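The following exercises concern packing and pockets in one protein chain. Each task is followed by a solution in steps.

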Amino acid sequence: MSPAKRLLTWQLRERFAAGLSARYAGEVPAYGTLVEVSGQVNADYVAHHPGAERLGSLARVTAERHGAIRVGSPAELAAVADLFAAFGMVAVGYYDLRRARSPIPVVSTAFRPIDANELARNPFRVFTSMLATRDARYFEPDLRSRVETFIARRELFDPALLARARIIAAEGACDAEEADAFVAAAVDAFALSREPIDKHWYDELSRVSAVAADIAGVCSTHINHLTPRVLDIDELYQRMTDRGIAMIDAIQGPPRTGGPPVLLRQTSFRALAEPCLFRGRDGTVSAGSLRVRFGEVEARGVALTPRGRARYDAAMARLVGEADPARVWGDYFPSTDEEMAAQRLAYYRRGDPAAPIVYEDFLPASAAGIFRSNLDRDPRAGPKTWHAVDQSGYDASWLSGAIGHDIHDPYVLYEEASA
Ligand code: OOG
Ligand code: NI
């Protein structure tokens, strides 16, 4: 008897990303267009720019996606961590979106592969946010306890799926014949639920924040967007607009410059209204609609060192309202990879300016902007009860302890990759 064929975690990750993408394209048609146009932009770009694949092969970039999900508690985040471990994805980075210019009541991390070979095979990542129920500025004690009770009663994932995931993560592989069923069950776990939504509860949470309603107003989580990667986001923006798809006003993140692209530039199209069912207080179910799923696209550049990041933050502060961003950018960043490497502003493999290390993470300002631009309704830009103080204690080490998983420091990973 020959040994059973095994699939490694990266092969499962590739199938998981592809499965989520196929499902999403079927349900959110503008996303299908986005993927198609992204593929064309990438092929055209590589054809006309020798060396374009320095920041990732065309195959990697074309298959590359990130997604986003939101959960309600540390226990739910721990379950997500267990599930994603089966796909070779671990928690990297801590993002506190309550500190954004326009605050969102969540703290977040991203699950992704961290090894260079794994990233090259398939870099699928999922930005994962947890509702900040411990923050009394948003959730007064009575509401907090009702939200936490609601969350504790629901089950986002079938325990059998999580048990399977833990075994696969420990073995680093699974039998080929069980892979399809495992991946399909994981994809299904992130579908948009069609269950009737308790209207009164949903509306009460909406008054705190649309994000609170999106997370804790329903009994499941869902992929709220998927993001293909492009090598030229300005070209993508133009082609999508020409196709009649209304994108948000801006490309978030650094401006287009003549020099090396840094970090991450992103833009999105607004969520479209999708039918849903609401259950009223008297139990009657009626048809309604929600805008909860959208599409986003991104271009990735070289990862910045802490020193480069401080420059970036200073440049971005200066750029607000600036008419000629590329000129201001030149006051902060040199125009060649050689200079970027010499000044230790960005990471390059063994310091070689021909070998940039791509930024694999997210930007809190852009993330908050993506949340904000896609909320159906948000009555308030800031926390509800300004007199209350934040005694939540949220930070990276709290979160890591609460979910029982390491949260990797992205700078440590970039340092290792550059050594
Ligand atoms: C996550 C928004 C963050 C990004 O690309 O910055 C994000 C969300 O809306 O849940 O995906
Ligand atoms: Ni995103």
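**Exercise 1.** In this predicted model, determine which residues F87 touches, leaving out those up to four places away in sequence, and place F87 within the nonpolar packing.

*Solution.* Step 1: with heavy atoms within 4.5 Å as the criterion, the partners of F87 are T9, L12, R13, F16, F182, V183 and A186. Step 2: F87 belongs to the largest nonpolar core, which has 60 residues. Together with F16, L83, F84 and F190, F87 is among the members that touch the most others. Step 3: the element that gives the most to this core is helix α4 (residues 74–85), with seven residues. Step 4: another core, of 34 residues, lies apart from it and includes V106, A110, A367 and A368.

**Exercise 2.** Describe the largest pocket and explain why it lies between domain 1 and domain 2.

*Solution.* Step 1: the space in this pocket is about 630 Å³. Step 2: its lining comprises 22 residues, with R101, M316, P364, A365 and S366 nearest the centre. Step 3: two or more lining residues come from each of α12 (306–319) and α15 (364–373). Step 4: the lining divides into 12 nonpolar, five polar and five charged residues. Step 5: because both domain 1 (6–300 + 361–409) and domain 2 (304–357) give residues to the lining, the pocket lies between them.

**Exercise 3.** Characterise the second largest pocket by its volume and lining.

*Solution.* Step 1: its space is about 540 Å³. Step 2: 27 residues line it, and Y45, L55, L231, G259 and P261 are the closest to its centre. Step 3: α11 (233–242) and β12 (294–300) are the elements that give two or more residues to this lining. Step 4: by class, the lining of the second largest pocket has 14 nonpolar, six polar and seven charged residues.

Conventions: Residues numbered from 1 in each chain as written. Chains lettered and ligands numbered in written order. Predicted model: local features only at pLDDT ≥ 70, side-chain atom pairs only at ≥ 80, totals over all residues. Heavy atoms only, no water. Core = buried A, V, L, I, M, F, W, Y, C linked by side-chain atoms within 4.5 Å. Buried < 20%, exposed > 50% of the residue type's maximum accessible area, 1.4 Å probe, protein only. Helix = DSSP H or I, 4+ residues; strand = E, 2+ residues; numbered from the N terminus. 1 Å grid on protein atoms, 1.4 Å probe; cavity = no way out; pocket = protein on both sides within 12 Å on 5 of 7 lines; lining within 4 Å. Points joined across faces, edges and corners; volume = space filled by probe spheres on them. Nonpolar A, V, L, I, M, F, W, Y, C, P; charged D, E, K, R; others polar. Domains from an automatic or database assignment.
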